[in-house]
Structures are given as C-alpha cells and as structure tokens.
Amino acid sequence: MPSLCRDCARPAEDDRSVCPHCGSGRMLSHPELFDLSIAHIDCDAFYASVEKRDNPGLRDLPVIVGHPGGRGVVTTACYVARKFGPRSAMPMFKALALCPDAVVIPPDMAKYKKVSAAIRALFAKATPLIEPVSLDEAYLDLSDGVRLIDRTPAVLLVRLARAIERDVGVNVSVGLSYNKSLAKLASDRDKPRGFAVIGRAEARHVLSELPVTAIHGIGKATARRMAEAGITRVEQLQSLPEAALVARFGKFGRALSHLVQGDDPRQIVADRPCKSVSTETTFSRDLSALPPLAKALEVLAFALEKRLKRAGLAGETVVLKLKTADFQSLSRQSRLSYPTQRADVLREHAMHLLEREADGRAFRLIGIGVDHLAPAESADPPDLFGARRFG
Ligand code: TTP
Ligand code: MG
C-alpha cells in the first residue's frame with residue numbers, strides 16, 4: 001500500500017509504521033494515497049495557536065480566546081483547554097466553570113488576518129486554485145495541470161503542512177480526497193496535526209457511519225426535520241431513492257442523493273485572483289537554438305492555458321522567463337490590449353520576446369506566465385477573434 005512519511009515527506013516502499021528514511025513514526029498509508037488531489041486544510045485551534053506562537057510561555061497551558069467578562073463567548077479553545085470541555089461559541093462563564101485555570105485572551109483579528117495571509121501565500125506556491133472558506137481554512141485543487149509543483153498531491157500537502165508549521169508557526173490538519181465534501185470531512189477526522197484520506201473505494205462506507213449533520217448543507221433545522229422523520233444517520237439517507245429524497249426535501253433532495261453516495265459536483269473556485277500564474281521547465285541539457293526553445297514555449301503555453309481555464313482566470317500581461325546556463329534570470333513582458341487565456345495568443349506574444357533574447361546564449365530554463373489577472377469572463381473578446389484561432 002502506498003505510504004508516506006509525514007515528517008520527511010518521503011514515500012516508503014510498503015506499509016510501514018516507522019519511516020525507513022528518518023525514523024519518524026508519523027506514517028501515512030492509504031491504497032489511494034497517490035491518486036487523490038482535492039484537499040481541505042484547516043488550522044488547529046486557530047486563534048489560540050497564534051496566541052501560543054506569540055507567547056511560548058502559554059504552550060502547555062489551557063488557553064481560551066474570547067472576550068472575558070460575563071457576556072463574552074469563546075471564539076476558540078486550545079486543545080489543552082478542550083480536554084476540560086470548553087468549545088467555540090460557549091458562554092465564557094460556562095467555559096471558565098469547566099476550566100477555571102484557563103488563560104483568557106481577547107481576540108486580535110488584525111493579527112489573525114496577517115497569519116491567514118501568510119498561510120495563503122504558502123498555499124499559492126502549491127496551486128493557483130485555492131478557495132478560502134474562512135481565515136483558517138481553504139480548499140486546494142492539486143490536480144494534474146493545476147498544481148504548480150511536479151509532485152504528487154499527498155507529498156505536496158505533507159510539505160505544505162510542514163512549511164506552515166515551520167514558517168508561520170501554527171499547525172494545520174489536512175484532508176485529502178476526490179471532492180470538496182469528503183476533503184472537508186477528512187480534515188476534521190484526525191485533528192490536531194492531522195492528515196486523513198478518504199478514497200473512492202471507502203467513501204460510501206465512511207459516510208454511512210456518520211450522523212446526517214456530516215453532510216454539506218444539512219444544518220440544525222434540516223437535521224431536526226430529519227430526526228422527526230426518524231432519520232439521524234447518513235446510512236438511512238443512502239438507502240432512500242432519489243425520488244423519495246426529492247419528495248421529502250424538495251430541490252435539495254437531488255443534491256442530497258448524490259452527496260450521501262460520496263458524489264459532490266462542486267468545483268473549487270478561486271475567489272481571489274493571485275497576482276500571477278506561470279509555468280516553466282528546466283531542460284535536461286542547456287539549449288541555445290531558437291527552434292527547440294520555441295517548441296518548449298509552445299508546450300508551456302498550452303499548459304498555461306489549461307491552468308488559467310481551471311482557475312477561471314485570464315492574464316493581460318504575458319511574461320517570458322529565461323535562465324541562462326550561468327544561472328542569470330531574465331524576465332521580459334508584453335502587455336496585451338485585453339486579458340487572454342488562449343495558448344496561441346500567449347505563445348505568439350512570448351515568441352516575440354523570445355526572438356529578441358535567443359541570440360546564441362545557452363539557456364537552462366524557460367517559463368511563461370501571465371500578470372494583471374482578470375476573471376475568465378473578460379478574456380479574449382470574441383469581436384477581436386471571431387471563431388478564428390491562430391495556428
Ligand atoms: P474553526 O476552524 O472552526 O476552529 P479552530 O481552528 O479554533 O479549531 P479546530 O482545530 O477544530 O479547527 O474556526 C477557526 C477560527 O474561527 C477559530 O480559531 C476562532 C473562530 N471562530 C469563532 O470566532 N467562533 C466560532 O464559533 C468558531 C467555530 C470559530
Ligand atoms: Mg480550524
């Protein structure tokens with residue numbers, strides 16, 4: 001079974017409990033580990049973790065973040081405090097009755113926003129397709145043609161979780177699956193510092209054992225209605241035909257019939273365009289002649305088009321990147337009069353830039369990217385192109 005060390009991120013040959021490379025006992029094994037690419041990442045006890053990071057004396061103490069005083073509520077409790085019972089949204093007086101030794105810290109939203117931005121900047125190194133849900137959680141699409149680093153998503157995620165711990169100083173839990181609902185479920189299964197995987201083969205069974213509230217879209221009110229009809233577990237919903245679910249729950253019944261079987265058609269939608277999207281390749285041997293450089297550029301332009309389409313983005317500035325054999329980096333830009341997603345347009349503009357640079361020097365790397373991102377809807381106005389595509 002495919003295995004991976006959660007500390008050194010190296011795969012292991014077989015299903016081991018100790019990493020053969022670094023001796024860590026944090027091994028991850030799953031039959032579909034290297035076949036899944038939709039992730040949900042959620043920080044552990046987010047506000048409290050940030051406060052502990054900034055005051056290491058608090059590390060082993062029960063910490064509650066929230067406004068102290070009679071009418072305050074808990075925004076979050078750290079995992080030490082949770083052992084005694086305090087939870088998010090609990091009145092502070094109740095939380096302190098359960099855990100009288102807790103250190104109460106008022107929330108500092110400006111600080112949490114900065115930490116959140118730092119985490120997102122690390123996400124953005126892995127993929128442009130990030131859908132933040134709140135300050136401390138996001139979906140990441142790490143599918144082929146989307147992710148920015150040529151590693152399996154599982155390896156990327158282990159590295160990402162470590163980078164967040166090391167560079168930002170908070171812990172996260174990762175869920176890896178094949179759709180959003182299941183990735184989100186997974187990220188909650190192994191908290192804190194977790195990494196849980198839900199594969200295609202087990203999804204239906206995993207869901208069958210859960211209460212109905214585990215399903216996306218079933219809130220307290222729907223759960224109450226279901227309970228009145230004697231339905232409390234997903235297993236019961238799984239056994240109902242779609243028509244019965246539609247009869248009971250209206251339009252939502254149709255979505256429900258898919259969700260309970262482990263099907264979730266929702267795509268990950270990038271809500272905030274990142275500053276640029278690019279792709280590059282390092283040659284196995286340095287290249288100086290124009291034709292092979294142009295060929296490499298063409299391949300990259302198609303990869304970039306695919307990446308932009310998946311992210312729902314277009315770019316108005318085409319950027320050509322080159323690195324010479326002696327490691328000098330060059331970046332040349334060409335501004336278009338409209339944003340584009342099209343490989344032929346990207347290639348044509350980058351080619352003009354390349355022709356000026358390919359003067360016999362040897363290059364070890366070529367890349368193409370776009371800046372000045374815009375939503376896909378504004379890309380490639382049809383009146384400029386008609387149905388024609390450049391060759
Ligand atoms: P969550 O991710 O729900 O919780 P958490 O990160 O504190 O803990 P977990 O390890 O279970 O993920 O929420 C993120 C932050 O949002 C949390 O640190 C504080 C804030 N929050 C509130 O202000 N009120 C709430 O009711 C909840 C649930 C969270
Ligand atoms: Mg969280």
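A residue is called buried when its relative accessible area is under 20%. Asp136, with a relative accessible area of 16%, therefore counts as buried, and I would like to begin with this residue. Please keep in mind throughout that what we are looking at is a predicted model.

Let us go to the magnesium ion, which is ligand 2. Which protein residues act as its donors? They are Asp42 and Asp136, each through an OD atom, together with Cys43 through its O atom, and these donors lie 2.0 to 2.2 Å from the ion. If you look for them along the chain, you will find that they follow the spacing D-C-x92-D. Cys43 belongs to strand E4, residues 38–43, whereas Asp136 sits in the loop between strand E8 (130–134) and strand E9 (137–141), so this pair ties together parts of the chain that are 93 residues apart in sequence. Cys43 is buried, with a relative accessibility of 4%. As for the geometry, the site has six donor atoms, the angles among them run from 78 to 178 degrees, and the arrangement is octahedral.

Now to ligand 1, where two of these names come back. There are 13 residues surrounding ligand 1, and the closest are Asp42, Ala45, Thr76, Tyr79 and Arg82. The side chain of Asp42 has an N or O atom 2.8 Å from an oxygen atom of this ligand, and Asp42 is also a donor of the magnesium ion. Asp136, likewise a donor of the ion, has a polar side-chain atom that lies 2.9 Å from an oxygen atom of ligand 1. For Thr76, the corresponding distance from a polar side-chain atom to an oxygen atom of ligand 1 is 2.5 Å.

Let me turn to the salt bridges. How many of them does the structure hold? There are 25, and I will take you through a few. Asp44 forms one with Lys191, and the closest N and O atoms of that pair are 2.8 Å apart. This pair links distant parts of the chain, since Asp44 is in the loop between E4 and helix H1 (46–54), while Lys191 is in the loop between helix H6 (180–187) and strand E11 (195–197), 147 residues apart. Is each partner buried or partly exposed? Asp44 is buried, at 3% relative accessible area, but Lys191 is partly exposed, at 22%.

Another salt bridge joins Arg310 to Asp141, with 3.1 Å between the closest N and O atoms. Arg310 is in helix H12, residues 290–311, and Asp141 is in strand E9, so the pair ties together parts that are 169 residues apart in sequence. Here too the partners can be described one by one: Asp141 is buried, with 2% relative accessibility, and Arg310 is partly exposed, with 34%.

Helix H12 also contributes Glu298, which forms a salt bridge with Arg347, the closest N and O atoms being 3.4 Å apart. Arg347 lies in helix H13, residues 343–357, so this contact ties H12 to a part of the chain 49 residues away from Glu298 in sequence. Glu298 is partly exposed at 23% relative accessibility, and Arg347 is partly exposed at 23% as well. Elsewhere, Glu51, Arg53, Asp54 and Lys111 are linked in a network of salt bridges.

While we are on helix H12, please look at Leu304, which is found in this helix and is buried, with a relative accessibility of 0%. Its C-alpha atom is separated by 46 Å from that of Ile105, a residue 199 positions away along the chain.

Finally, let us consider strand E13, residues 313–324. How many of its twelve residues are buried? Ten of them are, which is to say that the strand is mostly covered. E13 pairs with strand E15, residues 363–375, in the antiparallel sense over eleven bridges, and Thr324 stands opposite Phe363 of E15. E13 also pairs with strand E14, residues 329–340, again antiparallel, over eight bridges, and in this pairing Leu320 has Arg332 of E14 as its bridge partner. E13 and E14 form a hairpin with four residues between them, and Phe327, in the turn, has a positive phi of about 65 degrees. As a general point for reading such strands, the side chains of a regular strand alternate between the two faces of the sheet.

Methods: Residues numbered from 1 in each chain as written. Chains lettered and ligands numbered in written order. Predicted model: local features only at pLDDT ≥ 70, side-chain atom pairs only at ≥ 80, totals over all residues. Heavy atoms only, no water. Donors = N, O, S within 2.8 Å, 3.2 Å for Na, K, Ca; no water. Tetrahedral: all angles 85-135°; square planar, octahedral: opposite > 155°, others 65-115°. Helix = DSSP H or I, 4+ residues; strand = E, 2+ residues; numbered from the N terminus. Buried < 20%, exposed > 50% of the residue type's maximum accessible area, 1.4 Å probe, protein only. Pairing = 2+ DSSP bridges. Salt bridge = Lys/Arg side-chain N within 4 Å of Asp/Glu carboxyl O. Near = heavy atom within 4 Å. Polar contact = N/O pair within 3.5 Å; in protein donor to acceptor, adjacent residues only side chain to side chain.
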